[in-house]
Amino acid sequence: MSGRARARACPERTCVGCRDRAAKKDLLRIVAVEGVCVPDRRGTLPGRGAYVHPTPVCLDLAVRRRAFPRAFRGPGALDTTDVRRYVEQGEQASP
Ligand SMILES: [Zn+2]
């Protein structure tokens with residue numbers, strides 16, 4: 001991926017799971033609230049955000065890479081239960 005060619009009005013972010021760039025609207029923003037990763041559905045929660053494709057695959061990759069503690073500069077493991085539930089529900093809702 002060379003990127004940077006066509007930025008335009010569509011902001012891009014990097015998925016912390018697969019490390020691919022994608023349109024911000026196609027990624028799920030995640031913020032850490034007191035050691036718990038929370039899916040920021042509306043993109044309105046304050047604080048440092050991490051972006052991931054809303055799929056179990058990318059979430060797994062992100063967890064395995066410890067991408068969330070790194071992104072949030074947290075001391076250690078973060079609870080991703082809420083995010084996982086959200087992602088798994090999303091998979092079922094949209095084929
Ligand atoms: Zn991804």
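This section describes the fold, the core and selected residues of a predicted model.

The chain contains 3 helices and 5 strands. From the N terminus on, the order of elements is β-β-β-β-β-α-α-α. The chain has 95 residues, and 26% of them are buried. Among contacts with a separation of 6 or more, 54% join residues 24 or more positions apart.

Three of the strands build an open sheet, in the order β4-β3-β5. The pairing in this sheet is antiparallel. Strands β4 (36–40) and β5 (49–52) form the edges, and each pairs on one side only. On average, neighbouring strands of the sheet are turned by 35 degrees against each other, direction ignored. Strands of a sheet pair through backbone hydrogen bonds, in either a parallel or an antiparallel manner.

Strand β3 covers residues 28–33 and is joined to β4 by 5 bridges. These two strands run antiparallel. Across the pair, arginine 29 in the chain stands opposite aspartate 40 in β4. β3 and β4 form a hairpin, with 2 residues between them. Glutamate 34 lies in the loop between these strands. The phi of glutamate 34 is near 50 degrees, a positive value in a residue other than glycine. Glutamate 34 counts as exposed because it has 7 C-beta neighbours inside 10 Å, and the limit for an exposed residue is 12 or fewer.

Valine 33 belongs to strand β3. Valine 33 has 15 C-beta neighbours inside 10 Å and therefore counts as partly exposed. The C-alpha atoms of valine 33 and arginine 48 are 10.0 Å apart in space. Along the chain, these two residues are separated by 15 residues.

In a regular strand, side chains alternate between the two faces of the sheet. Strand β4 shows such an alternation. Cys37 and Pro39 point to one face and are buried. Val36, Val38 and Asp40 point to the other face and are not buried.

Proline 39 also enters a comparison with the helical part of the chain. Its C-alpha atom is separated by 9.6 Å from that of arginine 85. The two residues are 46 residues apart along the chain. Arginine 85 has its place in helix α3. Arginine 85 counts as exposed because 11 C-beta neighbours lie inside 10 Å.

The largest nonpolar core comprises 20 residues. Val16, Ala50, Tyr51, Val52, Leu59, Ala62 and Phe68 have the most contacts inside this core. Two or more core residues come from each of β3, β5, α1 (56–64), α2 (67–72) and α3 (81–93). Helix α1 gives the most, with 4 residues. In soluble globular proteins, nonpolar side chains tend to be buried together.

Four residues are named as buried in α1: Cys58, Leu59, Ala62 and Val63. Seen down the axis of α1, the buried residues fall within an arc of 140 degrees, so they line one face of the helix. An α-helix has 3.6 residues a turn, so residues three or four places apart point the same way. Alanine 62 touches Val16, Gly17, Val52, Ala67 and Phe68, not counting residues up to four places away in sequence. Val16, Val52 and Phe68 are also among the core residues with the most contacts.

Arginine 66 follows α1. This arginine lies in the loop between α1 and α2. The phi of arginine 66 is near 55 degrees, again a positive value in a residue other than glycine. Arginine 66 is partly exposed because 14 other C-beta atoms lie within 10 Å.

Definitions and conventions: Residues numbered from 1 in each chain as written. Predicted model: local features only at pLDDT ≥ 70, side-chain atom pairs only at ≥ 80, totals over all residues. Pairing = 2+ DSSP bridges. Axes fitted to C-alpha atoms, helices over the stretch in contact; angles between N-to-C directions. Contact = placed C-beta atoms within 7 Å. Core = buried A, V, L, I, M, F, W, Y, C linked by C-beta atoms within 7 Å. Arc of directions from axis to C-beta.
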